[in-house]
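Please walk through the fold of this protein, then its main pocket and its cysteines.

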Amino acid sequence: MTHYNPSPEYALSPAQVFERITLAVSTQYHSFPKRFDWIAENGFGMAYTPDGQQLELTRDHLKPYLSNGVPVRHHAYFPGFEIGNRDQRLADEALSLHLKAVDAIVGCGEPVMTVHVGLVAEIDLAPERVIKNLSKIVNYGSEKGVTICLENLRFGPTSHPETMLEWTNKSGASITMDVGHAVSCDRVRDGELTVPQIIELFSPKLSEVHFYEYETNTHHAPRDMSILGPVVDSLLKTDCRWWTIELNDYEDILNTKRLITEYLAESETKRAA
């Protein structure tokens, strides 16, 4: 259970908290082994997206890295396989795939898997089916020792924190918060909400963070900490200890890590002054 404590007088400094966080990098089955090797060589954890049509590759892809102590979590990114599809047959197919994905990760790194609802905006959703099928995945995961997290998106129902909380509370799912999606969603862009406010709402269920600055048709890296500085401050007040940098370019990944580290060092200096 994650908690949000806005004034932890007894707590570690932000820089000390950050040292306890697993900083991971996203990778996909089709980038094996080159990107996997780079992640391991640079001391990151790994957030792995499998091939939904060849889930048996998961163990083969990850085994050499797990044996070398690389932390791994799992990202069930299956566009078109919508568990909340209003079409019952298609929803059942999507549910079956997600349950098989749970089976594929048992004993294969950290037993945490992120799932999505609403990846394809054109698919008509049935909210009651979302909750029903998400609950089935959560319960099946619980039987297998796997924590299921629902990720917020930039658009659609999960771009609204109220919907995220309703669906995760009713299903028992935890939350993966995608910072770039939150920064880029309409309600934040319109000034109705801030990302730190969303973090506070999500904090009791927050298990994982996806970290980059904003999303258009791709993910964009930060060039400074003007946007993400307050986000980092808020995240460090939670118990969430897994942050995945979701960027493709290696230099962007390393620069993002550097920006966070320098930001926290500057904060430490100001705190000591």
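The paragraphs below take the strands, the pocket and the cysteines in turn.

The model is a predicted one. Its strands form a closed barrel of eight, in the order S1-S2-S3-S4-S5-S6-S7-S10, and the pairing is parallel. From one strand to the next, the twist averages 30°. Strands of a sheet pair through backbone hydrogen bonds, either parallel or antiparallel. One pair in this barrel is S4, residues 112–115, and S5, residues 147–151; the two run parallel and are joined by four bridges. Threonine 114 stands opposite cysteine 149, a residue of S5.

The largest pocket has a volume of about 610 Å³. Its lining comprises 26 residues, and those nearest the pocket centre are His75, Tyr77, Glu215, His219 and Glu246. Sorted by class, the lining of this pocket holds 13 polar, seven charged and six nonpolar residues.

Cysteine 149 also enters the account of the sulfur atoms. A disulfide is a covalent bond between the sulfur atoms of two cysteines. With a cut-off of 2.5 Å between sulfur atoms, the model has zero disulfides. Cysteine 185 is in no disulfide, as the nearest cysteine sulfur, in cysteine 240, is 18 Å away. For cysteine 240, the closest cysteine sulfur belongs to cysteine 149, at 8.7 Å, which is too far for a bond. How buried or exposed are these two residues, cysteine 185 and cysteine 240? Cysteine 185 has a relative accessibility of 2% and therefore counts as buried. Cysteine 240 is buried too, with a relative accessible area of 2%.

Methods: Residues numbered from 1 in each chain as written. Predicted model: local features only at pLDDT ≥ 70, side-chain atom pairs only at ≥ 80, totals over all residues. Heavy atoms only, no water. 1 Å grid on protein atoms, 1.4 Å probe; cavity = no way out; pocket = protein on both sides within 12 Å on 5 of 7 lines; lining within 4 Å. Points joined across faces, edges and corners; volume = space filled by probe spheres on them. Nonpolar A, V, L, I, M, F, W, Y, C, P; charged D, E, K, R; others polar. Buried < 20%, exposed > 50% of the residue type's maximum accessible area, 1.4 Å probe, protein only. Pairing = 2+ DSSP bridges. Axes fitted to C-alpha atoms, helices over the stretch in contact; angles between N-to-C directions.
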